[in-house]
Structures are given as C-alpha cells and as structure tokens.
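Reader: Hello! Could you give me a close look at how the charged side chains are placed relative to the strands, and start with whatever I need to know to follow a charged surface patch?

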Amino acid sequence: MKRFGILVGTFALLVTGWASAQSVDEGLLNSVAYKPLPAGFAITVRPMDDSDENLVLQERIEGELKAQGYSVSGDGALILTFETRDVVGAWNDAGQRSVLEFQYKSEEGIGGDKENLRLNLFDSAKGGVFNEGRAHGTSIVTRSQYRIDATIDDRRNGERLWQAWATASLQQSDGPTLTQSMVPAMVGSLGKTVRRQTFELP
C-alpha cells in the first residue's frame with residue numbers, strides 16, 4: 001500500500017506540473033525580414049477581404065502601429081496587407097470513458113479484511129482526481145486554431161520587405177478576440193526575423 005501511495009503521489013505531481021505549465025495561453029510567431037524597412041515612411045493597412053471582422057482588425061492593427069511609433073496613412077509608401085484564417089477544432093461526443101486508472105487489491109490480512117483502493121485520474125463518466133465527470137458529453141480532441149498572415153510591400157517598386165504569421169489556439173475567448181490579441185506581438189516584429197517565438201495572450 002505504501003509503495004502504491006508513493007507511485008500515485010509522484011504521478012500526481014508530474015501531471016500537476018504539466019497542467020500548470022500549460023495554464024498560460026500562448027501564441028506562436030514567425031516573421032522574415034527580406035529588406036530593412038525604410039525609415040520615415042507611412043504604412044497603409046489593407047485587409048485581403050473587407051469583412052466586418054477584418055475591418056475591426058484593421059483598426060486594431062492601425063492603433064497598435066501608432067502605439068509603437070509608426071506613422072499610418074491611407075496612401076503610405078509601405079503597404080501592410082493581412083488576412084486571417086481559422087481551422088475548426090475536432091470534438092468527440094463520447095459516453096463512458098476511463099483514460100487512466102490505478103487499482104490496488106490485496107488478499108485477506110491478519111484482521112480478515114480485504115483492502116481495495118482504486119484511484120481514477122481521468123474519467124468522463126464517474127469523475128476523477130482531475131475532472132468532475134459526466135455521464136455523457138462532448139470532449140475537445142483538438143482546439144480551433146486562428147492565424148494572421150501579414151506582409152509589407154514597398155508601393156514604389158513592389159518589393160516584398162517583410163512577412164509574418166502568428167497562430168494561437170482558441171481557449172476561453174472567441175475567435176475575433178483571439179485574433180486581435182495576436183496583433184501586438186506581430187506589430188512588434190515588424191522589420192525583424194523571428195523564428196517560432198512564443199508570446200503570451202491576455
């Protein structure tokens with residue numbers, strides 16, 4: 001029994017550490033600088049399509065550009081073009097499911113009693129250490145993922161100066177809110193090359 005308790009305790013600590021490491025929502029950013037951004041030129045922000053959500057996102061990008069010291073104009077020499085994409089997550093509608101379960105039994109002891117200990121870690125039907133459980137329901141297999149792609153071109157000669165893409169998985173917020181929360185990190189990488197840089201989401 002003592003050995004079993006030590007095993008369960010150690011496993012619980014490992015799982016708890018993993019859960020806490022995943023508790024902060026993060027996005028992933030990549031960018032490529034092909035040429036330095038020329039100084040002193042205004043930037044025009046242009047969505048690939050003018051949906052209502054993208055028009056709101058355009059205002060968010062323009063506001064962040066201004067906040068980070070860039071000049072924004074409707075006819076700037078530099079054009080920042082962006083588009084958004086999303087991949088809908090997968091869901092599993094399942095009934096009773098036990099993911100992992102420890103069970104300990106022993107024969108009759110000196111006092112004539114049998115020991116029987118069962119530790120259920122994850123069980124969608126009965127409940128376990130890390131969840132409340134439910135008889136039937138829907139579980140998330142993969143979360144929906146949202147992405148922003150952006151480029152900066154020089155209007156004067158058509159040269160591509162910079163390109164970036166940011167992705168994040170949907171956690172607690174809605175899609176448009178998640179997309180807008182990726183803007184500061186993306187604008188912060190203007191003119192830079194960044195490889196798989198994580199950033200916190202509010």
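Author: Happy to. A patch, as the word is used here, is made of residues with over 30% relative accessible area and no salt bridge, and like charges are joined within 9 Å. Please keep in mind that this is a predicted model.

With that in hand, the negative surface patch is formed by D49, D50, D52, E53, E83, D86 and D174. Helix α2 (52-67) and strand β3 (78-87) are the elements that give two or more residues to this patch. D50 has its place in the loop between β2 (43-47) and α2. D50 counts as exposed because its relative accessibility is 60%, and the cut-off for exposed is over 50%.

The strand just named beside that loop has a contrasting setting. In β2, 4 of the 5 residues are buried, so this strand is mostly covered. Its partner is β3: the two pair in the parallel sense over 5 bridges. One position to find on your screen is P47, which stands opposite F82 in β3.

β3 also brings us to the salt bridges, of which the structure holds 6. As background, side chains of opposite charge can pair when their charged atoms come close. R85 forms one such bridge with D149, and their closest N and O atoms are 2.8 Å apart. Since R85 lies in strand β3 and D149 in strand β8, the pair ties together parts that are 64 residues apart in sequence. The two ends differ in cover: R85 is partly exposed at 42% relative accessibility, while D149 is buried at 12%. There is a further member here, for R85, R147 and D149 are linked in a network of salt bridges.

Now follow D149 along its own strand. D149 stands opposite W165 in β9, and the strands β8 (residues 145-154) and β9 pair in the antiparallel sense over 9 bridges. Together β8 and β9 form a hairpin with 5 residues between them, and in the turn G158 has a positive phi of about 75°. Another salt bridge joins the side chains of D154 and R156, with 2.7 Å from N to O. Again the cover of the partners is unlike: D154 counts as buried, at 4% relative accessibility, whereas R156 is exposed, with a relative accessible area of 53%.

The other side of β9 is worth a visit too. Strand β1 (residues 26-33) runs antiparallel to β9 (residues 160-169), and 7 bridges join them. L29 stands opposite A166 in β9. While you trace these strands, it helps to recall that in a regular strand the side chains alternate between the two faces of the sheet.

Finally, look at the loops. K35 and E159 form a salt bridge in which the closest N and O atoms are 2.7 Å apart. This pair links distant parts of the chain, as K35 is in the loop between β1 and β2 and E159 is in the loop between β8 and β9, 124 residues apart. In this case both ends fall in the middle class of cover: K35 counts as partly exposed at 38% relative accessibility, and E159 is partly exposed with a relative accessible area of 30%.

Technical notes: Residues numbered from 1 in each chain as written. Predicted model: local features only at pLDDT ≥ 70, side-chain atom pairs only at ≥ 80, totals over all residues. Heavy atoms only, no water. Pairing = 2+ DSSP bridges. Patch = residues over 30% accessible without salt bridge, like charges linked within 9 Å, V, L, I, M, F, W, Y side chains within 5 Å. Areas by Shrake-Rupley, 256 points an atom, 1.4 Å probe, with all protein chains shown as cover. Salt bridge = Lys/Arg side-chain N within 4 Å of Asp/Glu carboxyl O. Lys, Arg positive; Asp, Glu negative; His and termini not counted. Charge placed at Lys NZ, Arg CZ, Asp CG, Glu CD. Buried < 20%, exposed > 50% of the residue type's maximum accessible area, 1.4 Å probe, protein only.
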